[in-house]
Amino acid sequence: MADGYLENRYDEVFGAKGKKVVVKRISIDSLLERNRSYRGYRKEYEVTEETLKKIVAVNTKIPSAKNQQALRFKLITKNNGAGKVLENIKLGGMLPELHLPFAGTEPEAFIIVCGTVPENKMLDIDLGISLQSMLLKAVDLGLNGLIIGAFNKENVTHEFQLPYEPLAILAIGSGAETIRLVPTSADENKAYYRNEAGVHFVPKIRAEELLIE
Ligand SMILES: Cc1cc2nc3c(=O)[nH]c(=O)nc-3n(C[C@H](O)[C@H](O)[C@H](O)COP(=O)(O)O)c2cc1C
């Protein structure tokens, strides 16, 4: 089957009263391509708690080591603590001179992911699966996001009176940046960068170089 086959495929399904409806399928490759790390968001679009709940709901359908399901989620929206999260996260650590996010583009909705058991390898694998699944759901909803590992754990725990250890924070919003993937070699610099027009470039190692010979 050709690459991108599903991307261009329109399915015929039967809607209400047996009427034929054409539905466009979005391929996993397209979702993954659009699932970039955004560090600037449109203020015009306000993410609701309902939307965050839809995103968290993907956790009822994903793998988990020993099926332990030890992750729990604290939802933060604009009027419910977003400012406190912002004070305690670091975005774009590889572009310190830019001081991201730019004023007026700060994320205003977050999901704080916590673990009910002490952090261990299996929980961290669960965490990665959960974060990526939630990001893909956000993209599927027409939104964008960012995994944030650089945050002040003590402050966040205290500010939100969290009963469990926070492991990562997901920012969610409508992205206001232009981001491009750039194929690169394994031995080249993999740091993301921006040009004068503000386009954000993310080098990714070519598929053939990922294989062990
Ligand atoms: C575990 C993890 C932690 C991350 N933590 C941060 C962070 O604290 N701040 C940030 O700006 N980006 C963070 N990122 C985003 C990465 O910088 C980003 O994935 C990388 O630059 C590649 O860009 P892409 O996601 O668009 O492919 C994190 C990503 C992962 C997977």
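Visitor: Which residues have the most contacts inside the largest nonpolar core?

Guide: Keep in mind that this is a predicted model. Its largest nonpolar core has 33 residues. H2, E3, E4, H4, E5 and E6 each supply at least two residues of that core. The ones with the most contacts inside it are Phe 110, Ile 111, Val 113, Leu 170 and Ile 172.

Visitor: And which element gives the largest share of this core?

Guide: Several elements chip in with at least two residues each, among them H2 and E5. The largest share is 7 residues, and the element behind it is H4.

Visitor: Let's zoom in on Phe 110. Which residues does Phe 110 touch, leaving out those up to four places away in sequence?

Guide: Phe 110 is among the core residues with the most contacts inside the core. Setting aside anything up to four places away in sequence, its partners are Ile 76, Ala 82, Val 85, Ile 169, Leu 170, Ala 171 and Ile 172.

Visitor: How many helices and strands does the protein chain have?

Guide: Reading along the sequence, you meet the pattern β-β-α-α-β-α-β-α-β-α-β-β-β-β. Put as totals, that is 5 helices and 9 strands.

Visitor: Why do the buried residues of H2 lie on the same side of the helix?

Guide: In H2, residues 49–56, the buried ones are Thr 51, Leu 52, Ile 55 and Val 56. An α-helix has 3.6 residues a turn, so residues three or four places apart point the same way. Over on the other side of H2, Glu 50 and Lys 53 are exposed. The buried four share a side because they cover an arc of only 140 degrees around the axis.

Visitor: What do those buried residues of H2 pack against?

Guide: The buried set includes Leu 52 and Ile 55. Their packing partners are strand E3 (71–76), strand E4 (110–115), helix H4 (121–140) and strand E6 (165–173).

Visitor: Which strand gives the most residues to the shell around the ligand?

Guide: The ligand is surrounded by 14 residues, and the closest are Arg 36, Ser 37, Leu 91, Gly 149 and Ala 150. By type, the shell splits into 7 nonpolar, 4 polar and 3 charged residues. With 3 residues, spanning none but its own stretch of 144–148, the top contributor is strand E5.

Visitor: Now for the open sheet of 3 strands. Which strands stand at its edges?

Guide: The order in this sheet is E7-E9-E8, with mixed pairing. E7 runs parallel to E9 (residues 200–205), joined by 6 bridges, while E8 and E9 pair in the antiparallel sense over 2 bridges. A strand with a single partner has one side left without a neighbour in the sheet, so the edge strands are E7 and E8.

Visitor: How many of the 6 residues in strand E7 are buried?

Guide: Strand E7 covers residues 179–184 and is hardly covered. One of its pairings puts Arg 180 opposite Phe 201 in E9. The count of buried residues in E7 is 0.

Visitor: Is Tyr 193 buried, exposed or partly exposed, and why?

Guide: Tyr 193 sits in strand E8, where it stands opposite Phe 201 in E9. A residue needs 20 or more neighbours to be buried and 12 or fewer to be exposed. Tyr 193 has 13 C-beta neighbours inside 10 Å, so it counts as partly exposed.

Visitor: How far apart in space are Tyr 193 and Gly 92?

Guide: In sequence, Tyr 193 and Gly 92 are 101 residues apart. In space, going C-alpha to C-alpha, the distance is 9.8 Å.

Notes. Residues are numbered from 1 along each chain as its sequence is written. This is a predicted model: local features need pLDDT of at least 70, side-chain atom pairs count only at pLDDT 80 or more; totals for chains, interfaces and linings use all residues. A residue is near a molecule or strand if its C-beta atom, placed from the backbone, lies within 6 Å of it. Ala, Val, Leu, Ile, Met, Phe, Trp, Tyr, Cys and Pro count as nonpolar, Asp, Glu, Lys and Arg as charged, and the others, Gly among them, as polar. The arc is that of the directions from the helix axis to the C-beta atoms. Two residues are in contact if their C-beta atoms, placed from the backbone, lie within 7 Å. A nonpolar core is a set of buried Ala, Val, Leu, Ile, Met, Phe, Trp, Tyr and Cys residues joined through C-beta atoms within 7 Å. Two strands pair if DSSP finds at least two bridges between them.
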